[in-house]
Structures are given as structure tokens and as C-alpha cells.
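Please take some time with the structure shown here, and keep the sequence beside it as you read. The paragraphs below move from strands to the interior and then to particular side chains.

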Amino acid sequence: MLDVRRMQMLRAVVTSGSVTAATRLGYTPSAVSQQIAVLEKEARTPLLERVGRGVRPTEAGLLLTGYADVIGRQVAEAETALADLRAGRTGRLAVRYFATAGAALVAPAVARVRAEHPGVQIELKLIDPEDPLPDVREGRADLALVVRPEGNGTQAAGADGVRLVRLLDDPYLAVLPKGHPLAGRRTVALADLAEEPWVGSEWPGPCLDAQLSACEAAGFRPRFVVESEDYVTAQGFVAAGLGVSLVPRLGLGGRHPGVVVREVRRPEPVRAIFAAVREAVPPTPALDSFLRALREAGGGE
């Protein structure tokens with residue numbers, strides 16, 4: 001196989017017309033001559049012939065010089081492209097997120113990256129909160145938003161090299177029909193909902209687990225009479241008087257006119273929202289910008 005470095009020496013010799021002038025590459029004339037001789041052995045044909053005090057390329061030498069010129073330009077382009085990627089001027093950022101985090105967290109983060117790194121392509125994919133960790137771990141996504149029933153501190157250990165960065169705690173609020181006996185209170189104790197029929201608002205998974213864990217701490221297990229698995233639909237069932245529900249604050253973008261919403265205490269059900277990133281991969285400028293915007297949108301530093 002031809003050595004690319006030696007081909008660049010040949011190009012320098014042919015361009016300058018002498019071995020001595022090619023020493024600008026940082027080699028002595030004898031070292032250049034030795035490297036050209038090795039290249040001729042690799043090529044199995046003479047590449048230079050002496051003319052007076054200088055040299056000129058053979059037909060094979062001209063051929064390799066042309067390819068060396070192309071390779072030199074491609075290496076320079078590669079170095080420029082790599083510098084742009086490291087600086088965040090180009091690249092791709094793949095993000096997985098779930099619906100209720102879209103408007104409040106993801107949208108401002110996307111806006112920041114597009115402003116600070118306009119050359120970076122952002123790939124957004126809506127996905128269930130408990131699904132995206134394999135995408136991050138296996139490199140199909142650079143960042144994913146995930147939910148845990150509760151979170152302490154700013155970071156948590158993920159699975160198999162995935163690091164979780166805490167963004168915010170999203171408390172659940174009680175959604176009651178207008179005219180409900182508890183609607184006149186400013187806050188509702190979770191135990192006060194123990195005997196009520198419940199309208200489910202979550203799919204099985206970490207979000208529902210956050211509700212059930214809080215209810216268990218309050219001494220009861222909710223009796224679900226409707227499984228809506230959707231925040232807007234759940235409000236409709238509550239407004240119709242079929243039960244009460246818990247909906248996270250981020251999920252209450254539009255409130256049904258037939259319900260009232262109250263804060264819950266003793267205990268307060270909370271789901272913790274984290275950004276999942278790969279532990280071993282160095283962050284890029286675009287990923288850093290995205291994480292900062294997510295934390296600011298979530299009320300963090």
C-alpha cells in the first residue's frame with residue numbers, strides 16, 4: 001500500500017523541482033531522498049529522474065503527484081470539517097422527548113441551539129417517557145427526556161453508561177369537578193381523595209408510579225373507574241362528574257371549564273424529569289447549549 005505521507009513528499013519535490021526545496025516539510029534532504037526511494041519501491045517503478053542539479057517526475061511520478069494533490073486537499077477539508085464540528089458550527093443533535101415536555105422544555109432549547117449553532121441539524125422524535133434510554137445508550141439519540149417517580153439532587157446514575165441530569169420536579173395537581181366538596185379548599189390532602197372514584201390520566205410506567213407511590217404513602221390505593229391515559233380526556237371525564245384525577249403541572253396546558261385544579265399536600269405526588277445523555281461520550285457545544293436551555297426552562301441554574 002502506498003504511504004500517504006511519502007506521496008506528500010513526492011508532491012513537494014515535484015512542485016519545487018528539487019529535493020532540497022522539499023525540506024520545508026521538516027525533513028533533511030537525505031531523509032527526503034530516502035523516503036522517495038521507499039515510495040518508489042512501494043510503487044515498483046521510478047518516480048523521479050535527475051535533470052542537471054534538479055529532478056523531474058516520471059510519468060508514474062506525475063500520476064502519483066496528482067493523487068497526492070487531491071489527497072492533500074481532502075485532508076485539509078477534513079481538518080476544517082472536524083474543526084467546525086468541534087466548535088459546534090456543524091453536526092447533528094438527535095433528541096427524544098415526550099409530549100408534555102415539548103412546549104415547556106424542548107421548544108426553548110431547540111430555539112437556543114438554532115440561534116447559537118445554526119449549522120447544527122436537530123432531529124426531534126416524540127417517544128414514550130420510558131422508552132428512550134436504549135436509543136441514548138446505543139447512540140441513536142444524543143439526549144432523551146425521561147421520567148422517574150421522584151428525584152433527589154441534580155444528577156442520578158442511569159443504566160449501562162447513561163447519565164441522568166435532573167431538570168425539574170413536576171408536581172401532580174388534583175383535578176376536581178366544579179361543585180365538588182373539596183373544590184372550595186386552596187389545597188387538598190391526598191388522603192382526602194382516598195374514597196373518591198378516580199379517573200386515570202397516565203399509561204402504566206414511571207408517571208403512574210409517581211401517583212401510586214404517593215397514594216401508598218398516604219395510606220390507600222386509588223380506585224380507578226375510568227382509564228383515559230390522556231390529560232385532556234381525563235379532564236373531560238372529571239368535568240362530567242365521573243371522578244377525580246391527578247394531572248402534572250406541565251400537562252395542564254389547557255384547562256377544561258368544568259373542572260377546578262388544586263395543589264395536593266401530605267404528600268405531594270411528584271414526577272422528576274431528567275435529561276439522559278451518554279456517560280462516556282464528550283458533550284458537543286450544541287448538546288451543552290441544549291442542556292443549559294432545558295435546565296433554565298425547568299427552573300434550574
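What follows is a guided walk through this model, which is a predicted one.

A good place to begin is the pairing of strands. Strand β3, which covers residues 91-97, lies alongside strand β4, residues 120-126, and the two pair in the parallel sense over seven bridges. To find this pairing in the model, look for Gly91, which stands opposite Val120 in β4. Between β3 and β4 the chain passes through helix α4, residues 99-116, and the β-α-β crossover made in this way is right-handed.

Another strand to follow is β12, residues 259-265, which is joined by five bridges to strand β7, residues 162-177, with the two running antiparallel. Here Pro177 has Val259 in β12 as its bridge partner. Strand β12 is also joined to strand β8, residues 187-189, by three bridges, and in this case the strands run parallel. The residue of β12 that serves as bridge partner to Thr187 is Glu263.

From the strands we can turn to the interior. In soluble globular proteins, nonpolar side chains tend to be buried together. In this model the largest nonpolar core has 45 residues, and those with the most contacts inside it are Leu143, Leu145, Leu190, Leu193, Phe290 and Leu294. Apart from that core lies another, of 13 residues, which includes Leu47, Leu48, Val55 and Leu64.

Aromatic side chains deserve a closer look. A pair of aromatic rings is described by the distance of the centres and the angle of the planes. A search of the whole structure finds two aromatic pairs. In one of them, Trp198 and Phe220 are 6.1 Å apart from centre to centre, with 55 degrees between the planes, and the pair is therefore tilted, since only angles over 60 degrees count as edge-to-face. This pair links distant parts of the chain, for Trp198 belongs to strand β9, residues 197-200, while Phe220 sits in the loop between α6 (206-217) and β10 (223-227), 22 residues apart. Trp198 is buried, with a relative accessible area of 0%, and Phe220 is buried as well, with a value of 13%. The rings of Trp198 and Phe224 have centres 6.0 Å apart and planes at 80 degrees, so this pair is edge-to-face. Because Trp198 lies in strand β9 and Phe224 in strand β10, the pair ties together parts that are 26 residues apart in sequence. Phe224 is partly exposed, with a relative accessible area of 28%. Together, Trp198, Phe220 and Phe224 form one aromatic cluster.

Finally, consider the cysteines. How many disulfides does the model contain? The count comes to zero, and Cys207 is in no disulfide, with the nearest cysteine sulfur, that of Cys215, 14 Å away. Why is there no bond for Cys215? A disulfide needs two cysteine sulfur atoms within 2.5 Å, and because the closest cysteine sulfur to that of Cys215, in Cys207, is 14 Å away, it is too far for a bond. As for their surroundings, Cys207 is buried, with a relative accessible area of 5%, and Cys215 is buried, with a relative accessible area of 0%.

Notes
Residues numbered from 1 in each chain as written. Predicted model: local features only at pLDDT ≥ 70, side-chain atom pairs only at ≥ 80, totals over all residues. Heavy atoms only, no water. Buried < 20%, exposed > 50% of the residue type's maximum accessible area, 1.4 Å probe, protein only. Core = buried A, V, L, I, M, F, W, Y, C linked by side-chain atoms within 4.5 Å. Pairing = 2+ DSSP bridges. Helix = DSSP H or I, 4+ residues; strand = E, 2+ residues; numbered from the N terminus. Right-handed = clockwise from strand over helix to strand, strands pointing away. Phe/Tyr/Trp six-rings, centres within 6.5 Å; stacked < 30°, edge-to-face > 60°.
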